[in-house]
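Hi everyone, thanks for making time for this. I'd like to walk you through one model, starting with confidence and then moving to the metal site and the packing around it. Here it is on the screen.

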Amino acid sequence: MSDCDKCERLLQGYLDRELTRDEFEVAEMHLDECDYCRRRYRFEESLRQYVRTTAVERMPPGLMEKLAQLRTTDPGPSAPV
Ligand SMILES: [Zn+2]
């Protein structure tokens, strides 16, 4: 398993602050040195914030699908930071 795969598995727990201290450090260290995962982390974080502050039923039709699609797409140069 590559470091990025490992980091990706830890990311949700990292965002939820549910990792053990060791796991947290692994994730944090990797996020510090890996641009790809850092962008992924920022994206997940902003997505969570957005979902938290936006009532789902008020979302325009298709937006949830769009967001779900974004989640599975690799963050490219045009991905939101
Ligand atoms: Zn990485």
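So, which element has the lowest mean pLDDT, and which has the highest? The lowest is helix α4, residues 63-72, with a mean of 77, and the highest is helix α2, residues 21-33, with 96. Please keep in mind that this is a predicted model. Taking the chain as a whole, the mean pLDDT comes to 85, and 83% of the residues reach 70 or more.

Now to the metal. Which residues coordinate the zinc ion? There are Cys4, Cys34 and Cys37, each through SG, and His30 through NE2. The distances run from 2.0 to 2.4 Å. If you look at the geometry, the angles among the 4 donor atoms are 101 to 114°, and the site is tetrahedral. For those of you following along in the sequence, the spacing of the donor residues reads C-x25-H-x3-C-x2-C. Two of these residues, His30 and Cys37, are buried.

Let's move on to the packing. The largest nonpolar core has 11 residues, and two of the zinc donors, Cys34 and Cys37, are on its list. Other members include Cys7, Leu10, Leu11, Tyr14 and Leu15, along with Ala27, Leu31 and Tyr41. Helices α1, α2 and α3 each give two or more residues to this core, and α1, residues 3-15, gives the most, with 5.

Cys7 is a nice place to zoom in. Setting aside neighbours within four places in sequence, Cys7 is in contact with Ala27, His30, Leu31 and Cys37. Two of those partners, His30 and Cys37, are zinc donors, so do rotate the view around Cys7 if you have the model open.

Last stop, helix α3, which spans residues 35-53. I picked out two charged residues here. Is Arg40 buried or exposed? Arg40 has a relative accessibility of 13%, under the 20% cut-off, so it counts as buried. Its side chain makes a polar contact with the side chain of Glu8, at 3.3 Å.

Glu44 is also in helix α3. Its relative accessible area is 4%, so Glu44 is buried too. And what is Glu44 in contact with, leaving aside neighbours within four places in sequence? The answer is Leu11, Gln12, Leu15 and Arg71. Of these, Leu11 and Leu15 are also members of the nonpolar core we just went through.

That's my tour, and I'm happy to take questions.

Terms used
Residues numbered from 1 in each chain as written. Predicted model: local features only at pLDDT ≥ 70, side-chain atom pairs only at ≥ 80, totals over all residues. Heavy atoms only, no water. Helix = DSSP H or I, 4+ residues; strand = E, 2+ residues; numbered from the N terminus. Buried < 20%, exposed > 50% of the residue type's maximum accessible area, 1.4 Å probe, protein only. Polar contact = N/O pair within 3.5 Å; in protein donor to acceptor, adjacent residues only side chain to side chain. Contact = heavy atoms within 4.5 Å. pLDDT = per-residue confidence, 0-100. Donors = N, O, S within 2.8 Å, 3.2 Å for Na, K, Ca; no water. Tetrahedral: all angles 85-135°; square planar, octahedral: opposite > 155°, others 65-115°. Core = buried A, V, L, I, M, F, W, Y, C linked by side-chain atoms within 4.5 Å.
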